[in-house]
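Take a walk through this structure, one element at a time. Keep the 3D view open and turn it as you read.

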Amino acid sequence: MPIKNGDQHLQDFSQLMTLVDREDNMLEKMGVFNKDTSGSTVATFERRVDGTDDMYSVARDADRQTAGDNGAQDAHLELPFFTLDKGIKQTELLNLRKFGTQEWESVAGKVAEFIARFQRGHARTIKKAMYTALKGSGFAPDAAGVARPNLARNYQAVWGLANADMFNNAAGGAKAYDLTDQTSNPANEFELFRQHVVAVAGDEGDNYEIVMLMGSAAFSALKDHADYVEAYANYASEVEPARKRLGGLSNSRILSWQGVTFIEDISGEIPTAQGYAFPMGMGLFEMRFGPRNTVNGQEEAIQEAYLYIDEKLRQIKAESETSVLAVVTRPELIAHYTFTV
């Protein structure tokens with residue numbers, strides 16, 4: 001919609017910034033993040049752990065038993081803000097031909113080129129935000145790629161979890177495992193994580209479907225392990241439902257065995273000899289989008305990304321932005337494996 005008319009024509013084209021899946025993002029395909037919006041630059045995230053009371057018998061008309069309280073925490077976190085702009089002057093368009101053609105380049109053509117590049121940049125930001133949350137912190141790098149400490153918060157610390165609360169009693173749920181050891185059955189190792197999930201997840205599901213995203217080298221070492229060769233060779237009948245449920249895996253390989261679904265992650269965000277395991281369907285992940293950075297930002301509908309085209313007499317400028325934070329509310333339900341391959 002037009003924001004200002006006259007000498008300057010500023011148009012809001014945020015509807016054109018619908019993010020397209022231009023980069024492999026398995027977390028996006030799996031739909032594990034619950035997406036919502038915040039009308040403020042600070043969003044509130046909730047962590048709730050339901051408890052259950054043991055009931056004891058009492059005499060009639062005696063003092064009655066009182067139920068305990070569920071565990072509930074709030075975290076108020078600032079939403080990082082990202083921008084990506086591009087402009088071109090009229091003098092730059094003169095004598096400029098479209099690549100691979102004999103046609104002159106147009107303003108509309110350059111703007112379409114800008115938008116396509118913006119879409120790719122925003123999709124990459126969303127991907128990095130999701131995977132950084134999986135690894136345990138917020139995504140908010142500065143221009144040098146260094147995490148900004150006031151924004152890139154560690155979620156184990158945010159929720160006040162001790163290492164004893166995490167898988168393997170280790171920070172971030174970290175554990176090392178040797179996939180080259182043919183005498184050790186990997187199924188027994190990953191059963192330890194499943195038991196950990198059952199013990200700490202509470203009554204959030206009747207069964208726990210565990211998914212592990214693995215780097216390519218780790219996945220290859222797993223499927224070549226003596227205890228997994230037969231399972232992988234006959235995978236189709238067992239894991240086809242999982243393939244459909246995860247929305248199609250394209251180039252990624254998949255193996256399901258003894259309650260765990262292993263997925264090769266080719267996003268580049270998980271190191272090739274590492275893996276992250278977590279239960280599906282428990283609402284571990286939240287993603288919040290904030291308002292635009294304009295004078296009427298709080299009056300406009302909140303979207304995943306915003307785009308403005310500023311057209312002047314001798315130049316045109318496109319400005320895009322997003323305010324987004326991905327959060328994990330139950331870090332104790334994530335395991336971070338480093339494999340020997």
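Gln258 sits in the loop between strands E9 and E10. Its phi is near 50°, a positive value in a residue other than glycine. Keep in mind that this model is predicted.

The two strands on either side of that loop belong together. E9 and E10, the latter made of residues 260-264, pair in the antiparallel sense over four bridges. One pair to look for is Ile254, whose bridge partner in E10 is Ile263.

Now widen the view to the sheet. Six strands form an open sheet in the order E7-E15-E11-E8-E10-E9, and the pairing is mixed. Strand E7 (174-178) and strand E9 (254-257) stand at the edges. Each has a single partner strand, so one side of each is left without a neighbour in the sheet. Neighbouring strands here are turned by 25° against each other on average, direction ignored. What holds such strands together? Strands of a sheet pair through backbone hydrogen bonds, either parallel or antiparallel.

Move inward to E8, at residues 210-214. In the sheet order, E8 stands between E11 and E10. Five bridges join E8 to E10, and these two strands run parallel. Five bridges also join E8 to E11, but here the strands run antiparallel. Val211 shows both links. Val211 stands opposite Thr261 in E10, and its bridge partner in E11 is Phe278.

How many of the five residues of E8 are buried? Five of the five are, so E8 is largely enclosed by the rest of the structure. Both faces of the strand are covered. Ile210, Met212 and Met214 are buried on one side, and Val211 and Leu213 are buried on the other.

Next, find helix H5, residues 186-201. H5 lies across E7, E8, E9, E10, E11 (274-279) and E15 (335-340). The helix runs at about 170° to E15.

Several of these strands also feed the interior. The largest nonpolar core has 67 residues. Those with the most contacts inside this core are Leu134, Leu213, Phe262 and Phe278. Helix H3 (residues 107-134) gives the core its largest share, six residues. Phe262 is worth a closer look. Leaving aside neighbours within four places in sequence, Phe262 is in contact with Met212 and Met214, among others. Its contacts also include Phe190, Phe219, Leu222, Tyr228, Arg253, Ile254, Leu255 and Trp257. Apart from the 67-residue core lies another core, of eleven residues. Phe114, Phe118, Ala305 and Ile309 are among them.

Asp61 offers a contrast to the interior. Asp61 is placed in the loop between strand E4 (42-49) and strand E5 (71-78). At 85% relative accessibility, Asp61 counts as exposed. Asp61 has a positive phi of about 70° although it is not a glycine.

Finally, step back to the whole chain. The protein chain has eight helices and 15 strands. Of its 341 residues, 43% count as buried. Take the contacts between residues at least 6 apart in sequence: 74% of them join residues at least 24 apart. The accessible surface of the chain comes to about 18100 Å². Carbon and sulfur atoms account for 47% of that surface.

Key:
Residues numbered from 1 in each chain as written. Predicted model: local features only at pLDDT ≥ 70, side-chain atom pairs only at ≥ 80, totals over all residues. Heavy atoms only, no water. Pairing = 2+ DSSP bridges. Axes fitted to C-alpha atoms, helices over the stretch in contact; angles between N-to-C directions. Contact = heavy atoms within 4.5 Å. Buried < 20%, exposed > 50% of the residue type's maximum accessible area, 1.4 Å probe, protein only. Core = buried A, V, L, I, M, F, W, Y, C linked by side-chain atoms within 4.5 Å. Areas by Shrake-Rupley, 256 points an atom, 1.4 Å probe, with all protein chains shown as cover.
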